[in-house]
Amino acid sequence: MNYKLNYFRCNERSVLISWPQKIDENILYDILNFKDRIKKQLFKSKVEVINSYNSILVIYENTIENFNDVKIQLNTLYEASKGEYFSSKILWEIPVCYDDAFGFDITTICNDKSISQEVLIRLHSAPQYTIFFLGFLPGFPYLGGLDSRLHMPRKSNPKQEVPKGSVAIGGRQTGIYTQNSPGGWHVIGKTPIKLFDPHQSPPCFMEPGHKLRFVPILKDEFLKTEALVKESKYSLKPRLI
């Protein structure tokens, strides 16, 4: 698909490019195609490209002297990318324990939705989610594809500290806290997997466009896996789809 893009100068070294303001996989794939082309074609400019749901920020190493020239260059690259299609064949299966000990908001959601905990787990773990982008915290995945029956407004009073590994729901989204942090999403479980490690290269194994599925596990299995992760004896491998 092809979209009419808007270009904005953010500061002396960066340009924001925006798509229609909605969460949509076709927009995501168009963004990722363009992002990849920019990085390949403008490598001599040493640009950094960061994407969100419906925009990318292009950060140049040097000051932008003529914004209009840069805008024309970027739009020419975008027009040249017509007919290219992003395709990711990587699926990450993330184990999650939905036990009350970890999912301290799970009862609140079940009561609000008039469903059992078993139904909530089934609805949450059934989809194959799309990773739209990483942000808020290093490696925090914003996931698209949450069942509408689990949509839940963010908390009016955020929790001062949400534990690392917590799996939570906020609005129409679900995600994973990659470190201890304040947060206003509803926590329904926890994964023992370390999603972000600054000592690894790359520090986050997931990327925008990858797929993710939650795999329910019991508390005993969570504790065993957590121990293996701490001892660096656990390796999560992607599935090719």
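**Exercise 1.** Which residues of α2 are buried? Work from this predicted model, and then determine where these residues fall around the helix axis.

*Solution.* Begin with the extent of the helix: α2 covers residues 67–80, and its 14 residues reach 20 Å from the first C-alpha to the last, close to the 20 Å expected at 1.5 Å a residue. Next, apply the cut-off for burial, which is under 20% relative accessible area; the buried residues of α2 are Val70, Leu74, Leu77 and Tyr78. Viewed down the axis of α2, these buried residues fall within an arc of 100°, and they therefore line one face of the helix. The buried residues of α2 pack against β1, β2 and α1. Finally, inspect the N-terminal end of α2, which is capped by Asn66, with a side-chain oxygen of this residue lying 3.1 Å from the backbone nitrogen of Asn68.

**Exercise 2.** Establish the strand order of the open sheet of 4 strands, and then place the helices that lie across its strands.

*Solution.* The order of the strands in this open sheet is β1-β2-β4-β3, and their pairing is antiparallel. From this order, β1 (6–11) and β3 (48–51) are found at the edges, each with a single partner strand, so one side of each has no neighbour in the sheet. Neighbouring strands of the sheet are turned against each other by 20° on average, direction ignored. For the pairing of β3 with β4 (residues 55–59), the antiparallel strands are joined by 4 bridges, and Asn51 stands opposite Ile56 in β4. Turning to the helices, α1 (residues 25–41) lies across β1, β2 (14–18), β3 and β4, and runs at about 175° to β3, whereas α2 lies across β1 and β2, running at about 135° to β1.

**Exercise 3.** Compare the span of α5 with its expected value, and then assign its buried and exposed residues to sides of the helix.

*Solution.* Helix α5 (residues 219–230) has 12 residues, which at 1.5 Å a residue should span 16 Å, and the end C-alpha atoms are 16 Å apart, in agreement with that expectation. Its buried residues are Phe222, Thr225 and Val229. These cover an arc of only 70° around the axis, which puts them on the same side of α5. On the other side of α5, Asp220, Lys224 and Lys230 are exposed. The cover over the buried residues of α5 includes β5 (90–97), β12 (186–190) and β13 (211–217). Just after the end of α5, Ser232 adopts a positive phi of about 60°.

Technical notes:
Residues numbered from 1 in each chain as written. Predicted model: local features only at pLDDT ≥ 70, side-chain atom pairs only at ≥ 80, totals over all residues. Heavy atoms only, no water. Pairing = 2+ DSSP bridges. Helix = DSSP H or I, 4+ residues; strand = E, 2+ residues; numbered from the N terminus. Axes fitted to C-alpha atoms, helices over the stretch in contact; angles between N-to-C directions. Contact = heavy atoms within 4.5 Å. Expected span 1.5 Å × (residues − 1). Buried < 20%, exposed > 50% of the residue type's maximum accessible area, 1.4 Å probe, protein only. Arc of directions from axis to C-beta. Polar contact = N/O pair within 3.5 Å; in protein donor to acceptor, adjacent residues only side chain to side chain.
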